[in-house]
Amino acid sequence: MADLNDSLSLQEYVSCLSLSALPRIVRVCSGVYFQGSIYEISGNEVSLSTGDLVKIISFELQKVTCVDSHSGTSVDLPLNFSGHFGLIPDMVYSSIEEIGNKFTNCKDRQSFSFASKVDLMFNKHLIKALEPILWRGLSSDCKYAKCITREEYGNVCIKIPLTLKGEFYECEEEQKVYSLSEILQSTVLLKQRLTCSIVSRHSFVLTPVYEVQAIMQLRPNIVKIPSHLEVDVIDVTSECKDVKFIQTQMLHQVLEHEDDFPVVAELLDAPEPITLFKNGWVASLQKGEKIIFHEKASSLKILTSSMKGKKEGRYFLISSNYKGKFKRRPREFATAYDLLSCLKTDLKLRVVVTKDCDCYEEEFPSLCVGDRLNVDSRMNMIDSVDGAAQQTDVVVCTRQCDDEEGEKDEFEEIMLPLHVEGRFVEEITDNRRYTINDIVEKFKLPCDFKVVVKDSTMPNDILGSFTYLRLEEIIEVPFIVSSLLSEPDICFDIPLTWFNVSLFFTEDSPAVPKKRTSISIVEEVMDSFYYNLRKLLPSNGPPPPRPPKRQSLKKPATPMEAHKKTPRQV
């Protein structure tokens with residue numbers, strides 16, 4: 001187990017990392033911040049509790065802060081800063097081994113100079129106090145430092161024991177300067193005081209701030225952690241190499257992994273809301289249940305309402321895979337506007353008037369029970385109202401009339417304002433049988449049909465028991481063909497955006513049945529969900545026009561009323 005004494009601040013740890021060494025796993029040793037605290041800013045993950053495991057997969061430099069050693073003030077340097085920095089060595093080392101340990105692991109400082117506070121004597125070679133000694137590496141047995149000193153007759157190579165105690169200083173490199181990128185790549189240089197006339201008159205320390213990208217247990221996506229978050233971490237990569245980090249997903253994110261289908265996922269909670277469908281498969285989606293995602297559903301879903309006699313309607317989602325057959329059923333219309341909204345350019349609409357209708361405008365005809373109308377088109381006409389021209393939208397119809405001998409072979413063209421109220425029933429001579437795909441292709445929804453041949457693939461096709469079905473709307477919501485891991489051949493279609501459920505993918509191997517049976521060909525939906533869904537669906541068109549105001553005839557005033565209105569003589 002890792003020693004807590006080896007822990008580092010997150011800032012120190014990340015500064016020592018290289019991208020080539022990733023991924024690394026660390027455990028949070030101290031620092032507890034709760035969701036919703038002031039530390040949650042800019043969308044970053046800053047809620048880390050003691051004991052949390054964090055798998056660091058990448059990091060990116062966000063900014064470099066320059067802290068003035070004299071005043072303590074700070075300023076951010078641009079990442080493309082082109083100035084150069086000089087070093088101010090100020091650390092004291094107690095042994096040759098200590099100073100060697102600091103620099104030998106630094107790639108950009110394989111050779112460096114240091115000096116002793118007192119004179120040193122090695123093999124009759126005197127090294128005077130504060131005289132630079134050039135470190136060139138370690139001996140083959142790693143017990144000595146190979147160094148070079150300058151004497152009167154040239155450079156001399158000597159070996160200094162690593163165990164030698166004393167006070168040693170890194171020599172100031174007056175001629176050596178470093179770029180910002182060189183400073184950031186060296187953990188040694190980052191700990192030293194620097195100078196740069198462009199930045200400050202005083203010495204300063206550079207602190208890089210990184211955005212750490214990591215994976216955490218049961219977190220929905222890659223989390224982003226600022227490196228200057230005040231937590232301590234310890235590297236536990238070796239002892240936690242077999243730990244599986246579970247990344248949660250929301251149901252609506254499943255299609256992002258469509259290329260990996262079929263896959264197995266485990267539910268972390270039950271779907272909400274559960275008051276969508278009346279079918280039993282919804283109740284089986286409980287916490288801990290494993291389900292298979294087979295593929296994205298290719299079939300359409302048609303929202304449908306039903307009527308059985310005078311009983312209150314029931315509501316369904318019918319799949320385009322439904323194998324039953326339909327016949328058209330006469331539709332009923334309450335206004336001329338309803339006639340127009342159901343008229344399709346390639347399909348003539350023929351209706352019978354079942355209620356007398358009087359038009360108060362003189363230029364429009366009245367209708368009688370039994371009138372047969374062919375609804376032809378829409379037109380904009382201009383008429384005169386109180387001497388002023390007014391545009392009116394009308395429905396152009398052809399009315400079939402009786403001649404003097406009672407034969408219905410005469411026709412007249414009439415125009416009905418959109419606001420006219422009546423009762424119209426569609427006259428149908430079409431006895432063809434349609435599949436649900438035929439209906440979607442050839443008719444404009446909503447339209448009314450009755451099931452005349454049930455779907456033989458379903459054990460209990462309830463649609464045939466209704467007086468009529470109104471196919472209202474095609475639902476543009478993605479569904480995914482799914483099944484329980486324990487019953488891979490019994491499939492149902494899960495709407496990805498209607499269920500709020502979290503899950504994670506497992507490493508289970510999904511069974512691939514030779515034949516799948518769908519129990520979602522006809523889904524009965526709850527009444528409350530139906531009405532909520534209707535609110536979300538787009539309207540089929542603008543609201544019907546408001547009828548013009550009718551001018552009421554004024555009755556003559558009575559003698560008493562006339563007396564009250566007569567002004568008093570003063």
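Buried means under 20% relative accessible area, exposed means over 50%, and partly exposed lies in between (1.4 Å probe, protein chains only). The model is predicted: local features need pLDDT of at least 70, side-chain atom pairs count only at pLDDT 80 or more, and totals for chains, interfaces and linings use all residues. Residues are numbered from 1 along each chain as its sequence is written, and side-chain values use heavy atoms, with hydrogens and water left out.

**Exercise 1. The whole chain**

Task: State what share of the 570 residues is buried, and how many helices and strands the chain has.

Solution.
- Step 1. Of the 570 residues in the chain, 41% are buried.
- Step 2. Count the elements: eight helices and 37 strands. Helices (H or I, at least four residues) and strands (E, at least two) are DSSP runs, numbered from the N terminus.
- Step 3. Turn to contacts, meaning heavy atoms within 4.5 Å. Among contacts with a separation of 6 or more, 69% link residues 24 or more positions apart.
- Step 4. The exposed surface of the chain is about 33,400 Å², and carbon and sulfur atoms supply 50% of it. The areas come from the Shrake-Rupley method with a 1.4 Å probe; for residues, only the protein chains shown count as cover.

**Exercise 2. A six-stranded sheet**

Task: Find the strand order of the open sheet and explain why one side of strand 24 and of strand 37 has no neighbour in it.

Solution.
- Step 1. The order is 24-31-32-22-23-37, with antiparallel pairing. Two strands pair if DSSP finds at least two bridges between them.
- Step 2. Strand 24 (325–328) and strand 37 (522–525) are at the edges; each has a single partner strand, so one side of each lacks a neighbour in the sheet.
- Step 3. From one strand to the next, the twist averages 40°. Axes are lines fitted to C-alpha atoms, for helices over the stretch in contact, and angles run from 0 to 180 degrees between N-to-C directions.
- Step 4. Strand 24 is joined to strand 31 (residues 447–453) by four bridges. Here arginine 328 stands opposite phenylalanine 449 in strand 31.
- Step 5. Helix 7 (residues 527–536) lies across strands 22 (301–307), 23 (315–319), 32 (468–474) and 37, at about 120° to strand 22.

**Exercise 3. Valine 254 and two cis bonds**

Task: Place valine 254, list its contacts beyond four places in sequence, and locate the cis bonds before proline 262 and proline 446.

Solution.
- Step 1. Valine 254 sits in the loop between strand 19 (249–250) and strand 20 (263–267). Its relative accessible area is 0%, so valine 254 is buried.
- Step 2. Setting aside neighbours within four places, valine 254 contacts Phe261, Phe293, Ile480 and Leu503.
- Step 3. The peptide bond from phenylalanine 261 to proline 262 is cis, with omega near 0°. Proline 262 also lies in the loop between strand 19 and strand 20.
- Step 4. Leucine 445 and proline 446 are joined by a cis peptide bond, with omega about 5°. Proline 446 is in the loop between helix 6 (436–442) and strand 31.

**Exercise 4. Cysteines**

Task: Give the number of disulfides and describe cysteines 142, 240 and 368.

Solution.
- Step 1. The structure has zero disulfides (pairs of cysteine sulfur atoms within 2.5 Å).
- Step 2. For cysteine 368, the nearest cysteine sulfur is that of cysteine 357, 9.7 Å away. Cysteine 368 is partly exposed, at 43% relative accessibility.
- Step 3. Cysteine 240 is buried, at 5%.
- Step 4. Cysteine 142, in the loop between strand 10 (133–138) and strand 11 (144–151), has a positive phi near 60°. At 48% relative accessibility, cysteine 142 is partly exposed.
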